[in-house]
Amino acid sequence: MRIQIKSDGMNLNIALPTKLIFGRWVVYLANTVGHKYAEESMKDISPAALDALFAEMRHIKDRYGKWELVDIESSGGEKVKIIL
């Protein structure tokens with residue numbers, strides 16, 4: 001996963017391994033933190049459902065390679081791009 005933020009005074013480029021971001025420990029962390037801080041509608045997502053979602057994201061990365069999730073450009077010239 002790559003996160004790119006470009007503006008006049010800053011260029012930020014973060015590369016993170018997809019398997020790290022969508023790993024099982026993140027499911028545990030999301031479930032633990034989510035039940036404490038998330039809205040009531042988000043608390044109904046089970047750890048098994050999160051694990052299935054993250055497994056599918058890993059599968060998409062393996063199958064398709066680079067996949068653009070977010071590409072935003074503001075009128076001021078700032079750009080944000082998130083690539084899986």
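The following paragraphs lead the reader through selected residues and contacts of this structure.

The structure is a predicted model, in which local features need a pLDDT of at least 70 and side-chain atom pairs count only at pLDDT 80 or more, while totals for chains, interfaces and linings use all residues. Residues are numbered from 1 along each chain as its sequence is written, and side-chain values use heavy atoms, with hydrogens and water left out.

The interior is a suitable starting place. In soluble globular proteins, nonpolar side chains tend to be buried together. Here the largest nonpolar core has nine residues, namely M1, F22, V26, V27, L50, F54, M57, I60 and L84. A nonpolar core is a set of buried Ala, Val, Leu, Ile, Met, Phe, Trp, Tyr and Cys residues joined through side-chain atoms within 4.5 Å. Buried means under 20% relative accessible area, exposed means over 50%, and partly exposed lies in between (1.4 Å probe, protein chains only). Helices α2 and α3 each supply at least two residues of this core, and the largest share, four residues, comes from α3. Helices (H or I, at least four residues) and strands (E, at least two) are DSSP runs, numbered from the N terminus.

One core member, L50, is in contact with V27, A30, N31 and I45 when its neighbours within four places in sequence are left aside. Contact means heavy atoms within 4.5 Å. Of these partners, A30 lies in helix α2 and is partly exposed, with a relative accessible area of 32%. A30 and L50 are 20 residues apart in sequence, and their C-alpha atoms are 8.5 Å apart in space. With neighbours within four places in sequence again left aside, A30 is in contact with H35 as well as L50.

The residue T18, in helix α1, also touches members of the core. T18 is buried, at 8% relative accessible area. Not counting residues up to four places away in sequence, T18 touches M1, K61 and L84.

Charged residues provide a second theme. Side chains of opposite charge can pair when their charged atoms come close. A search of the whole structure finds two salt bridges, a salt bridge being a side-chain nitrogen of Lys or Arg within 4 Å of a carboxyl oxygen of Asp or Glu. In one of them, the side chains of K19 and D62 meet at 3.5 Å, N to O. This pair links distant parts of the chain, with K19 in helix α1 (residues 18-21) and D62 in helix α3, 43 residues apart. K19 counts as exposed at 53% relative accessibility, and D62 counts as exposed at 54%.

The side chains of D51 and R24 also meet in a salt bridge, at 2.6 Å, N to O. This pair too links distant parts of the chain: D51 is in helix α3 and R24 is in helix α2 (residues 24-37), 27 residues apart. D51 is buried, with a relative accessible area of 18%, whereas R24 is exposed, with a relative accessible area of 58%. Helix α3, where D51 lies, covers residues 47-64. Not counting residues up to four places away in sequence, D51 touches R24 and V27, and V27 is one of the residues of the largest nonpolar core.

Nonpolar residues also appear at the surface. L20, W25, L29, V33 and Y37 make a nonpolar surface patch of about 540 Å². Patches are made of residues with over 30% relative accessible area and no salt bridge; like charges are joined within 9 Å, and nonpolar side chains (Val, Leu, Ile, Met, Phe, Trp, Tyr) within 5 Å. Accessible areas come from the Shrake-Rupley method with a 1.4 Å probe, and for residues only the protein chains shown count as cover. Helix α2 gives the most to the nonpolar patch, with four residues. One patch member, V33, lies in helix α2 and is partly exposed, with a relative accessible area of 39%.

A last example concerns a strand. K6 lies in strand β1 (residues 2-6) and is partly exposed, at 42% relative accessible area. K6 and K79 are 73 residues apart in sequence and 5.1 Å apart in space, C-alpha to C-alpha. Not counting residues up to four places away in sequence, K6 touches N11, G77, E78 and K79.
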